[in-house]
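Good morning, and thank you for making time for this short presentation. I would ask you to look at the sequence and the structure first, and then to follow me through them.

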Amino acid sequence: MRSSFLFGTSRSGAPILIRLSVGLIFLTQGILKYIDPVWGVLRFTKIGFPHPDFVAHFVGTFEILCGALVVIGMVTRLAGIPLLIINLTAIATTKIPELFRPEQGFWFMVSDIRTDVAMLAGIIFLLIVGAGKFSIDRYLELGTRGKIG
């Protein structure tokens, strides 16, 4: 894998705002999957995943690790890929089905999906732009170019 994919990033400092929002939300949601059964095992049981205990902790682990990497801006693009998969899976398994429930429907789903869409936009932004100026990725990018010792 080329270092420009892993470490290449925008010279702007602005991505830190997106990194913090995306990373901290995933980090905290991952922790909740371990400490609160309603957000972890029970949620995955209700959705219908087989082996909900394993799935909740598997997803929670990725959310914690990748969320933390995004917060500090280390291999941000690589860390964003599992988060993108988790986000799209959440939309497919929890939001889209709301369209077909008579008591919910379109407007309920639109209201309920807003955080997922914002997270999706944030992840895509980070995949395109990178971690930004205030990140470990930026430091590593400069190091791979021989600009720092």
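Contact, in what follows, means heavy atoms within 4.5 Å. By that criterion, and not counting residues up to four places away in sequence, Arg19 touches Leu24, Val70, Val71, Ile72, Gly73, Thr76, Leu126, Ala131, Phe134 and Ser135. Arg19 lies in helix H2. Is this arginine buried or exposed? At 2% relative accessibility, Arg19 counts as buried, because the cut-off for that class is under 20%. I should say at once that the model is a predicted one. A further distance from Arg19 may help with orientation: its C-alpha atom is separated by 14 Å from that of Ile81, 62 residues along the chain.

Let me now turn to the overall architecture. The chain has 8 helices and 0 strands, so that reading along the sequence gives the pattern α-α-α-α-α-α-α-α. Along its principal axes, the C-alpha trace spans about 60 × 30 × 25 Å. Of the 149 residues in the chain, 36% are buried. Among contacts with a separation of 6 or more, 72% are accounted for by residues 24 or more positions apart.

The next topic is the nonpolar interior. The largest nonpolar core has 14 residues. Which residues have the most contacts inside it? They are Val22, Phe26, Val70 and Leu83. Helices H2, H4, H5 and H7 each supply at least two residues of this core, and H4 gives the most, with 5 residues. Val70 deserves a separate word. Leaving aside its neighbours within four places in sequence, Val70 is in contact with Arg19, Val22, Gly23, Thr76, Ala79, Leu83 and Leu126. Arg19, with which I began, is thus one of the contacts of Val70, and Val22 and Leu83, also in contact with Val70, belong to the group with the most contacts inside the core.

I come next to the packing of H4 against H5. The two helices pack at an angle of about 145°, their axes being 9 Å apart. H4 passes H5 in a left-handed crossing. From H4, the residues Val59, Phe62, Glu63, Cys66, Gly67, Leu69 and Val70 take part, meeting Thr76, Ala79, Pro82, Leu83 and Ile86 in H5. How many of the residues in this contact are nonpolar, how many polar and how many charged? They divide into 9 nonpolar, 2 polar and 1 charged.

Glu63, which is listed in that helix contact, also leads to the salt bridges. The structure holds 3 of them. In one, the side chains of Glu63 and Lys33 meet at 2.9 Å, N to O. Glu63 lies in helix H4 and Lys33 in helix H2, residues 15–35, so the pair ties together parts that are 30 residues apart in sequence. Both Glu63 and Lys33 are buried.

Another salt bridge joins Lys95 and Asp116, with the closest N and O atoms 3.2 Å apart. Here Lys95 lies in helix H5 and Asp116 in helix H7, residues 114–129, so this pair ties together parts that are 21 residues apart in sequence. Lys95 is buried, with a relative accessible area of 7%, and Asp116 is buried at 12%.

There is also a salt bridge between the side chains of Arg138 and Glu141, at 2.7 Å, N to O. These two residues are 3 apart in helix H8, residues 136–144, and are therefore separated by about one helical turn. Arg138 is buried, and so is Glu141.

Finally, I draw attention to two points of backbone geometry. His51 has a positive phi of about 55°, although it is not a glycine. His51 lies in the loop between helix H3, residues 41–47, and helix H4, residues 52–72. Val75, likewise not a glycine, has a positive phi of about 40°. Val75 lies in the loop between H4 and helix H5, residues 76–95. Which side of the accessibility cut-offs does His51 fall on, buried or exposed? At 62% relative accessibility, His51 counts as exposed, because that class begins over 50%. Val75, by contrast, has a relative accessible area of 17% and is buried, because that value is under 20%.

That concludes my remarks, and I am glad to take your questions.

Key: Residues numbered from 1 in each chain as written. Predicted model: local features only at pLDDT ≥ 70, side-chain atom pairs only at ≥ 80, totals over all residues. Heavy atoms only, no water. Helix = DSSP H or I, 4+ residues; strand = E, 2+ residues; numbered from the N terminus. Buried < 20%, exposed > 50% of the residue type's maximum accessible area, 1.4 Å probe, protein only. Salt bridge = Lys/Arg side-chain N within 4 Å of Asp/Glu carboxyl O. Axes fitted to C-alpha atoms, helices over the stretch in contact; angles between N-to-C directions. Left-handed = near helix turned anticlockwise from the far one by under 90°. Nonpolar A, V, L, I, M, F, W, Y, C, P; charged D, E, K, R; others polar. Core = buried A, V, L, I, M, F, W, Y, C linked by side-chain atoms within 4.5 Å.
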